[in-house]
Amino acid sequence: QVQLVESGGGLVQAGGSLRLSCAASGRTFSSYYMGWFRQAPGKEREFVGATNWSGTSTFYADSVKGRFTISRDNAKNTVYLQMNSLKPEDTAVYYCAAGRIATTQSSYDYWGQGTQVTVSS
């Protein structure tokens, strides 16, 4: 059974940092991009960033570029999203997913349950 399990969300003040983790299990994801998406209340889910398992190809949304960093620990089958300089507009449920095309949400076949990130002003 394929599982993607996010953790690390919480409440943080503006300017602070959080690191989200996504533990993957149930199949080999070496041919997939591991992506992060987010959905704020009343808004559509949007792409945040993605990386391939080798780390040679990484993409970020313009809104998080320079503040967020994706990394992975292949030995642990875990992908991380380091979020720095957080802003209230980063408040959302963050989802980890595995897909074939980095920035194309519809290509993502597997999704985690999501973790809430709340940034207070």
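Where is Lys 87 found? I began my notebook with this residue, and in the predicted model I located Lys 87 in the loop between E8 and E9.

**Entry 1: Lys 87 and its loop**

I looked up how much of Lys 87 is open to the surroundings, and with a relative accessible area of 35% Lys 87 is partly exposed. Not counting residues up to four places away in sequence, I found that Lys 87 touches Arg 67 and Val 119. I also checked Val 64, which is 23 residues from Lys 87 in sequence, and the C-alpha atoms of the two are 10.0 Å apart in space.

Ser 85 is found in the loop between E8 and E9 as well, and I noted that Ser 85 is partly exposed, with a relative accessible area of 40%. What caught my attention was the backbone, since Ser 85 has a positive phi of about 50° although it is not a glycine. Most residues other than glycine have a negative phi.

**Entry 2: Asn 77**

I then turned to the loop between E7 and E8, where Asn 77 is found. Asn 77 has a phi near 50°, which is a positive value in a residue other than glycine, and with a relative accessible area of 33% Asn 77 counts as partly exposed.

**Entry 3: the chain as a whole**

How many helices and strands does the chain have? I wrote down zero helices and 11 strands, so that reading from the N terminus on I meet one β element after another. The radius of gyration is 13 Å, close to the 14 Å that the globule rule gives for 121 residues, and the chain is therefore as compact as a globular protein of that length. Along its principal axes the C-alpha trace spans about 40 × 30 × 25 Å.

Of the contacts in the chain with a separation of 6 or more, 55% are between residues 24 or more positions apart. I noted an accessible surface of about 6,000 Å², of which 45% belongs to carbon and sulfur atoms. For the charges, I recorded that the mean positions of the 11 positive and 8 negative ones are 5 Å apart.

**Entry 4: the core**

I next asked about the inside, and 45% of the 121 residues count as buried. The largest nonpolar core has 34 residues, of which Met 34, Trp 36, Leu 81, Met 83 and Tyr 94 touch the most other members. Several strands each supply at least two residues of this core, including E3 (18–25), E4 (33–39) and E11 (115–120). Strand E9 gives the most to this core, with five residues. In soluble globular proteins, nonpolar side chains tend to be buried together.

**Entry 5: two strand residues**

Is Ser 21 buried or exposed? Ser 21 lies in strand E3, and because its relative accessibility is 15%, which is under the 20% cut-off, Ser 21 counts as buried. Leaving aside neighbours within four places in sequence, I listed the residues in contact with Ser 21, among them Val 5, Glu 6, Trp 36 and Tyr 80.

Thr 118 lies in strand E11, and at 28% relative accessibility I noted Thr 118 as partly exposed. Not counting residues up to four places away in sequence, Thr 118 touches Gly 10, Leu 11, Val 12 and Thr 91. I also looked up Ser 17, which is 101 residues from Thr 118 along the chain, and their C-alpha atoms are separated by 11 Å.

Conventions: Residues numbered from 1 in each chain as written. Predicted model: local features only at pLDDT ≥ 70, side-chain atom pairs only at ≥ 80, totals over all residues. Heavy atoms only, no water. Helix = DSSP H or I, 4+ residues; strand = E, 2+ residues; numbered from the N terminus. Rg over C-alpha atoms; globule rule 2.2 N^0.38 Å. Buried < 20%, exposed > 50% of the residue type's maximum accessible area, 1.4 Å probe, protein only. Contact = heavy atoms within 4.5 Å. Areas by Shrake-Rupley, 256 points an atom, 1.4 Å probe, with all protein chains shown as cover. Lys, Arg positive; Asp, Glu negative; His and termini not counted. Charge placed at Lys NZ, Arg CZ, Asp CG, Glu CD. Core = buried A, V, L, I, M, F, W, Y, C linked by side-chain atoms within 4.5 Å.
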